[in-house]
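Please open the model in a viewer and keep the sequence panel beside it. The tour below moves from selection to selection and describes what is found at each stop.

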Amino acid sequence: MTRNEIIIDGKRYVPSKVASRRVSLVPDYVTRLCRLGLVRGARSQGVWYVDEDSLHAFVEVKKQHLEETWRRQSELLKYELRASESKI
């Protein structure tokens, strides 16, 4: 365990600034996710600590959701294009 980590219920938590850098997010956003209960986190001495496994799982779900949204949007645009071409 490094100086910047804490252990809660056997889980390793790192400061939100450290965790956010590792997943390319803004620290304030990671802190907000903790406050909303979307990511496991705890506040100690004015610093938010994040369970990195929880954060990585959240990021992965969001990534999958975004990819699905892009796929659906692409299908919709293809459908609209075909429909407009058949009217010509």
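Two strands count as paired if DSSP finds at least two bridges between them. The model on display is predicted, and the tour begins with a hairpin.

**First stop: the hairpin.** Select residues 41–44, strand E3, together with strand E4; the two pair in the antiparallel sense over four bridges. Two residues lie between these strands, and in this hairpin Gln 45 adopts a positive phi near 55 degrees. Next, highlight Ala 42, which stands opposite Tyr 49 in E4.

**Second stop: the whole sheet.** Extend the selection to the four strands of the open sheet, whose order is E1-E2-E4-E3 with antiparallel pairing. E1 (6–8) and E3 occupy the edges with a single partner strand each, so one side of each has no neighbour in the sheet. On average, neighbouring strands are turned by 35 degrees against each other, direction ignored. At the E1 end, three bridges join E1 to strand E2 (residues 11–15) in antiparallel fashion; here Ile 6 stands opposite Tyr 13 in E2. Now display H3 as well: this helix packs on the sheet, touching E2 and E4, and its direction makes about 70 degrees with that of E4.

**Third stop: helix H2.** Select H2, which lies across E3 and E4 and runs at about 75 degrees to E4. Which residues of H2 are buried? They include Val 30, Thr 31, Leu 33 and Cys 34. Because these residues cover an arc of only 155 degrees around the axis, they fall on the same side of H2. Rotate the view to the other side of H2 to find Asp 28, Arg 32 and Arg 35 exposed. The cover over the buried residues of H2 includes H1, E3, E4 and H3. After H2 comes Gly 37, with a positive phi near 80 degrees.

**Fourth stop: the core.** Show side chains for the largest nonpolar core, which has twelve residues, among them Val 14, Trp 48 and Phe 58. Helices H1 (16–22), H2 (27–35) and H3 (52–87) and strand E4 (47–51) each supply at least two of its residues; the largest share, three residues, comes from H2. Centre on Leu 55: beyond its sequence neighbours up to four places away, this residue touches Ala 19, Val 23, Leu 25, Val 30, Leu 33, Val 39 and Val 50.

**Last stop: Ser 16.** Finally, select Ser 16 in helix H1. Is Ser 16 buried or exposed? Its relative accessibility is 8%, so Ser 16 counts as buried, the cut-off being under 20%. Leaving aside residues up to four places away in sequence, the contacts of Ser 16 include Pro 27, Thr 31, Trp 48 and Tyr 49.

Terms used:
Residues numbered from 1 in each chain as written. Heavy atoms only, no water. Core = buried A, V, L, I, M, F, W, Y, C linked by side-chain atoms within 4.5 Å. Buried < 20%, exposed > 50% of the residue type's maximum accessible area, 1.4 Å probe, protein only. Contact = heavy atoms within 4.5 Å. Arc of directions from axis to C-beta. Axes fitted to C-alpha atoms, helices over the stretch in contact; angles between N-to-C directions.
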